[in-house]
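Work through the exercises below with the sequence and the coordinates open. Try each task before reading its solution.

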Amino acid sequence: MPKPLLALASLALAMPAAAFAQDADEAADDSYNMVIVYGDDECPQSTTDQIVVCARKAENERFRIPENLRFSESPENQSWAERVERFEMVGAFGTMSCSPTGAGGFTGCTQQMINDAYADKANDAGVRFGEIIAAERAKRLATIDEDAAAEQERVEMIEREYMERLERERAAETPDEQSLPQPADPE
């Protein structure tokens with residue numbers, strides 16, 4: 001083998017080894033510390049032996065999954081709901097399936113529309129308002145008996161006072177005709 005090719009081959013073999021050695025040195029290098037701080041948190045101070053490099057992120061990122069891990073097509077990051085949903089779709093053809101394939105695939109379309117309508121109704125904002133109104137109505141009905149009893153007692157007290165006043169007026173003496181002022185003679 002000629003010397004230039006030998007030198008080139010040895011250089012090619014030495015490069016990955018040098019790069020590996022450099023990575024190992026950097027991994028063992030404790031002269032710097034890279035820290036992520038959130039919001040108004042303080043960045044640790046550098047010391048004479050160690051340089052601290054801070055990356056500041058918004059406070060709302062503190063408890064979130066890191067961005068590089070949020071969106072991944074890896075099967076390990078797929079939710080169980082998606083996995084089960086995939087199994088539900090397996091074999092969804094034929095009678096009562098609402099699919100263009102298979103004999104009688106159209107027969108399930110009406111049922112699917114009905115199921116979708118019930119799902120929309122269950123998640124509708126109007127239903128939530130109905131629940132709120134029903135809860136408020138139940139709260140008001142819980143006190144209606146007490147309120148009605150108090151109102152009935154008040155009305156009966158007013159009626160008693162009225163009847164007592166009428167009895168006092170009836171029992172009072174009526175003035176005689178003599179004691180009443182007489183009209184003047186028109187002469």
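**Exercise 1. Place Asp40 and classify it: buried or exposed?**

Solution.
- Step 1: Locate it. Asp40 sits in the loop between S1 and S2. The model is a predicted one.
- Step 2: Read its accessibility. Asp40 has a relative accessible area of 79%.
- Step 3: Apply the cut-off. Exposed means over 50%, so Asp40 is exposed at 79%.
- Step 4: Look across to Arg56. The two residues are 16 residues apart along the chain, and their C-alpha atoms are separated by 8.7 Å.

**Exercise 2. Describe the chain as a whole: how many helices and strands are there, and in what order do the elements run?**

Solution.
- Step 1: Count the elements. The chain has five helices and two strands.
- Step 2: Order them from the N terminus. The series reads α-β-β-α-α-α-α.
- Step 3: Check burial. The chain has 187 residues, and 6% of them count as buried.
- Step 4: Check contact range. Take the contacts between residues at least 6 apart in sequence; 1% of these join residues at least 24 apart.
- Step 5: Add the surface. About 17,000 Å² is exposed by the chain, with carbon and sulfur atoms supplying 58% of it.

**Exercise 3. Find the disulfide: which cysteines form it, and where do they lie?**

Solution.
- Step 1: Search the whole structure. One disulfide turns up.
- Step 2: Name the pair. Cys43 and Cys54 form the disulfide, and their sulfur atoms are 1.4 Å apart.
- Step 3: Place both ends. Cys43 lies in the loop between S1 and S2, while Cys54 lies in strand S2, and eleven residues separate them.
- Step 4: Assign the handedness. The angle about the S-S bond is 75°, and the link of Cys43 and Cys54 is right-handed.
- Step 5: Classify each end. Cys43 has 23% relative accessibility, so Cys43 counts as partly exposed. Cys54 has 27%, so Cys54 also counts as partly exposed.

**Exercise 4. Work through the salt bridges: how many are there, and which residues are linked in a network?**

Solution.
- Step 1: Recall the principle. Side chains of opposite charge can pair when their charged atoms come close.
- Step 2: Apply the cut-off. A side-chain nitrogen of Lys or Arg must be within 4 Å of a carboxyl oxygen of Asp or Glu. The count comes to seven salt bridges.
- Step 3: Take Glu59 and Arg62. Their closest N and O atoms are 2.8 Å apart. Glu59 is partly exposed at 42%, and Arg62 is partly exposed at 26%.
- Step 4: Extend from that pair. Asp41, Glu59 and Arg62 are linked in a network of salt bridges.
- Step 5: Take Glu61 and Arg64. Their side chains meet in a salt bridge at 3.6 Å, N to O. Glu61 is at 18% relative accessibility, so Glu61 counts as buried. Arg64 is at 45%, so Arg64 counts as partly exposed.
- Step 6: Take Glu136 and Lys139. This salt bridge has its closest N and O atoms 3.5 Å apart. The two residues are separated by about one helical turn, because they are three residues apart in helix H5 (residues 125-171). Glu136 is partly exposed at 32%, whereas Lys139 is exposed at 52%.

**Exercise 5. Map the nonpolar surface patch: which residues make it, and which strands supply them?**

Solution.
- Step 1: List the members. Tyr32, Met34, Ile51 and Val53 make a nonpolar patch of about 420 Å².
- Step 2: Assign the strands. Strand S1 (32-38) and strand S2 (51-57) each supply at least two residues.
- Step 3: Test one member. Ile51 belongs to strand S2. Its relative accessibility is 52%, so Ile51 counts as exposed.

**Exercise 6. Examine Gly108: is this residue buried or exposed, and which residues does Gly108 touch?**

Solution.
- Step 1: Locate Gly108. The residue is in the loop between helix H3 (80-89) and helix H4 (109-122).
- Step 2: Apply the cut-off. Buried means under 20%, so Gly108 is buried at 4%.
- Step 3: List the contacts. Leaving out residues up to four places away in sequence, Gly108 touches Met96, Ser97 and Cys98.
- Step 4: Compare sequence and space for one contact. Gly108 and Cys98 are ten residues apart in sequence, and their C-alpha atoms are 4.4 Å apart.

Notes
Residues are numbered from 1 along each chain as its sequence is written. This is a predicted model: local features need pLDDT of at least 70, side-chain atom pairs count only at pLDDT 80 or more; totals for chains, interfaces and linings use all residues. Side-chain values use heavy atoms; hydrogens and water are left out. Patches are made of residues with over 30% relative accessible area and no salt bridge: like charges are joined within 9 Å, nonpolar side chains (Val, Leu, Ile, Met, Phe, Trp, Tyr) within 5 Å. Accessible areas come from the Shrake-Rupley method with a 1.4 Å probe; for residues, only the protein chains shown count as cover. Helices (H or I, at least four residues) and strands (E, at least two) are DSSP runs, numbered from the N terminus. Buried means under 20% relative accessible area, exposed over 50%, partly exposed in between (1.4 Å probe, protein chains only). A disulfide is a pair of cysteine sulfur atoms within 2.5 Å. Contact means heavy atoms within 4.5 Å.
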